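Open the model in your viewer and get your selection tool ready. We will go from one stop to the next, choosing a few residues each time and looking at what is there.

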Amino acid sequence: MTARTEELLGLIEYVSETEEGFIGVPESPAMDDTDSDDTYDEEDDSQMSDTSSGSDLASGNKDDPAKKTTGDNSTSDSDSDTEAATSNKDDGTKKGPDGESTSEAGPSHRVIDDYDEEMEDDDVIKAIITEIKKPRSKPADIQTEDFVVDLSFHPCEDILAVGTSVGDVLMYKYSNEQNVLSATHELHTKAVRCLEFSRDGLSIISTGRERSIVVADTETGKFKRVWEGAHSEPVYSMAVLGEHLFATGDDDGEVKLWDLRQKDAVFGLRPVEDFVSCILSNGQQQKYLLMTSGDGLLTTINIAQRKMFVQSEPYEEELNCMGTFKRESKLVVGTSKGNYYTFNWGQFAYHCDAFTGPKASANRMVPITEQIAVMAGEDGIIRAMHLVPGRVLGIVGQHSMAIDTMDISGSGELIATSSHDNDVRFWNIKYFEDFDGIKYNSKPDKRTLKHNLPSSQRVNAKDFFAGLNE
């Protein structure tokens with residue numbers, strides 16, 4: 001072991017369990033269509049004691065609480081850490097569940113604060129060390145009595161709307177000090193399926209399993225407009241496209257465009273035969289309405305002509321989520337097998353690039369910069385990924401069960417996620433603002449799939465330095 005490695009390993013001995021770990025950054029080569037091997041091989045996740053696989057949960061079970069795994073026997077990160085910690089009388093420290101030492105007196109001064117990140121050659125490592133030194137705060141977790149189906153941030157205010165399996169929408173005013181349940185709106189007779197604020201934040205748009213769409217006043221919950229029997233099947237996905245327009249897609253492949261000022265749908269089409277997993281339109285022109293579906297198709301609809309523009313070649317996997325990057329010049333689609341396909345905007349028939357990420361299904365995608373997105377899926381892990389080109393950056397956070405929904409705040413500082421154990425968690429991701437222009441290492445590093453970013457509540461940084469002397 002070199003002196004440099006010993007120095008780094010010694011440094012990690014003092015990183016507390018409340019601090020965040022380091023990551024490296026892999027670079028993945030483009031995935032050739034004939035290559036069936038995964039670019040990244042998952043390692044044993046035994047060190048992440050609060051993360052379990054949820055791959056056995058079907059993506060179509062969107063709102064059935066009977067099919068979910070309950071979280072009655074699970075404990076929060078902070079509870080499990082406290083129970084697992086043991087006292088060390090010799091040096092006044094406690095050992096956390098991952099073996100890291102934490103000061104009994106609290107992290108008033110940390111060894112890492114004295115570490116000079118300029119000694120590192122890797123720009124990403126420099127950036128992560130800098131971010132770990134900064135104080136970072138976020139709202140506390142929210143625990144609900146009923147199954148959380150969807151959630152949405154208010155575009156302007158610190159309000160989070162949470163849709164539940166009993167048809168209620170819970171309005172939380174959140175802050176770093178406390179979360180307050182300010183109102184409960186009873187909007188549906190069955191489970192909420194989708195939930196979004198209007199662009200001005202004055203209305204909340206929700207869909208229910210009873211196939212209705214409700215537009216309600218954000219503050220009072222009073223109905224502004226109701227579409228009974230809006231679809232022949234329950235709505236699976238929804239996207240707000242403008243000040244008055246929004247689109248919905250159902251379990252049977254039908255997509256509809258709605259105008260808040262009209263009593264009927266603008267138009268409806270059924271270009272696929274499986275559930276519509278995600279809907280998107282570009283923010284500048286809004287010429288096209290894009291939809292991914294469970295039958296492995298990316299479908300593009302010309303909004304003005306109200307007809308299908310182009311449909312991609314079928315993929316042998318569910319297309320679950322998508323986002324635009326590079327000033328909307330690139331579209332990236334995530335799949336049920338953990339593959340990511342990149343399309344040039346306007347050329348949606350077949351992808352121009354592809355790469356394989358973690359094996360877990362990519363169920364949710366939230367773009368946070370022009371090149372970086374936060375991904376979540378069945379394994380309960382929230383990952384940051386540099387999608388153009390494709391690289392895994394590290395772990396933003398984690399749940400103990402599969403993640404059902406995710407959204408980003410209007411300020412871009414927080415994301416919120418919910419899991420099968422009825423909890424909603426916040427993650428502070430403001431540090432990504434400085435990451436877009438960083439140059440990345442050319443050598444892939446599989447270990448980074450498990451290494452935590454500054455927003456994560458876990459520390460497994462010691463493993464990252466294990467191979468430096470090799």
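**Stop 1: a hairpin.** Select 319-325 and 330-335, which are strands S21 and S22. These two strands form a hairpin with 4 residues between them, and in the turn Lys326 has a positive phi of about 50°. Bear in mind as you look that this is a predicted model. S21 and S22 pair in the antiparallel sense, over 6 bridges. To see one cross-strand position, pick Cys321, which stands opposite Gly334 in S22. Now colour S21 by accessibility: how many of its residues are buried? The count is 7 of 7, so strand S21 is mostly covered.

**Stop 2: the sheet that starts with S5.** Next, show S5, S6, S7 and S8, which make up an open sheet of 4 strands in that order, with antiparallel pairing. Its edge strands are S5 and S8 (180-186), each of which pairs on one side only. From one strand to the next, the twist averages 20°.

Zoom in on the middle of this sheet by selecting 159-164 and 168-173. These are S6 and S7, and 5 bridges join them in the antiparallel sense. Ile159 stands opposite Lys173 in S7.

Then move to Leu151, a residue of strand S5 (148-153). Is Leu151 buried or exposed? Leu151 counts as buried because its relative accessibility is 2%, and the cut-off for buried is under 20%. Add Val162 to the selection and draw a distance between the two C-alpha atoms: Leu151 and Val162 are 11 residues apart along the chain, yet their C-alpha atoms are separated by 4.4 Å.

**Stop 3: the sheet that starts with S9.** Here 4 strands form another open sheet, ordered S9-S10-S11-S12 and paired antiparallel. Select 192-197 for S9 and 223-227 for S12 to find the edge strands, each pairing on one side only. On average, neighbouring strands of this sheet are turned by 15° against each other, direction ignored.

Between those edges, select 203-208 and 213-217. You now have S10 and S11, an antiparallel pair with 5 bridges. For a single bridge, choose Ser206, whose partner in S11 is Val214.

**Stop 4: the largest nonpolar core.** Show the side chains of Ile368, Val374, Ile382, Val396, Met406, Ile415 and Phe432. Of the 16 residues in the largest nonpolar core, these touch the most other members. Which elements give two or more residues to this core? They are S26, S27, S28 (390-398) and S29 (403-408). The largest share, 3 residues, comes from S26. As background, nonpolar side chains tend to be buried together in soluble globular proteins.

**Stop 5: the largest cavity.** Finish with the empty space inside the model. There are 3 cavities of 30 Å³ or more, and the largest has a volume of about 70 Å³. Select the lining of this largest cavity: Tyr340, Pro358, Ala360, Ser361, Ala362, Met375, Ala376, Gly377, Asp379, Ile381, Arg383 and Met385. Colour these residues by class and you will find 8 nonpolar, 2 polar and 2 charged. Which strands each supply at least two residues of the lining? Select 372-377 and 381-387 to see them: S26 and S27. You have already met both strands, as S26 and S27 are among the elements that give two or more residues to the core of the previous stop.

How values were computed
Residues are numbered from 1 along each chain as its sequence is written. This is a predicted model: local features need pLDDT of at least 70, side-chain atom pairs count only at pLDDT 80 or more; totals for chains, interfaces and linings use all residues. Side-chain values use heavy atoms; hydrogens and water are left out. On a 1 Å grid over the protein atoms alone, a cavity is a set of points where a 1.4 Å probe fits but cannot get out, and a pocket is an open set with protein on both sides within 12 Å along at least five of seven lines; lining residues have an atom within 4 Å of a point. Grid points are joined across faces, edges and corners, and a volume is the space filled by probe spheres set on the points. Ala, Val, Leu, Ile, Met, Phe, Trp, Tyr, Cys and Pro count as nonpolar, Asp, Glu, Lys and Arg as charged, and the others, Gly among them, as polar. A nonpolar core is a set of buried Ala, Val, Leu, Ile, Met, Phe, Trp, Tyr and Cys residues joined through side-chain atoms within 4.5 Å. Buried means under 20% relative accessible area, exposed over 50%, partly exposed in between (1.4 Å probe, protein chains only). Two strands pair if DSSP finds at least two bridges between them. Axes are lines fitted to C-alpha atoms, for helices over the stretch in contact, and angles run from 0 to 180 degrees between N-to-C directions.
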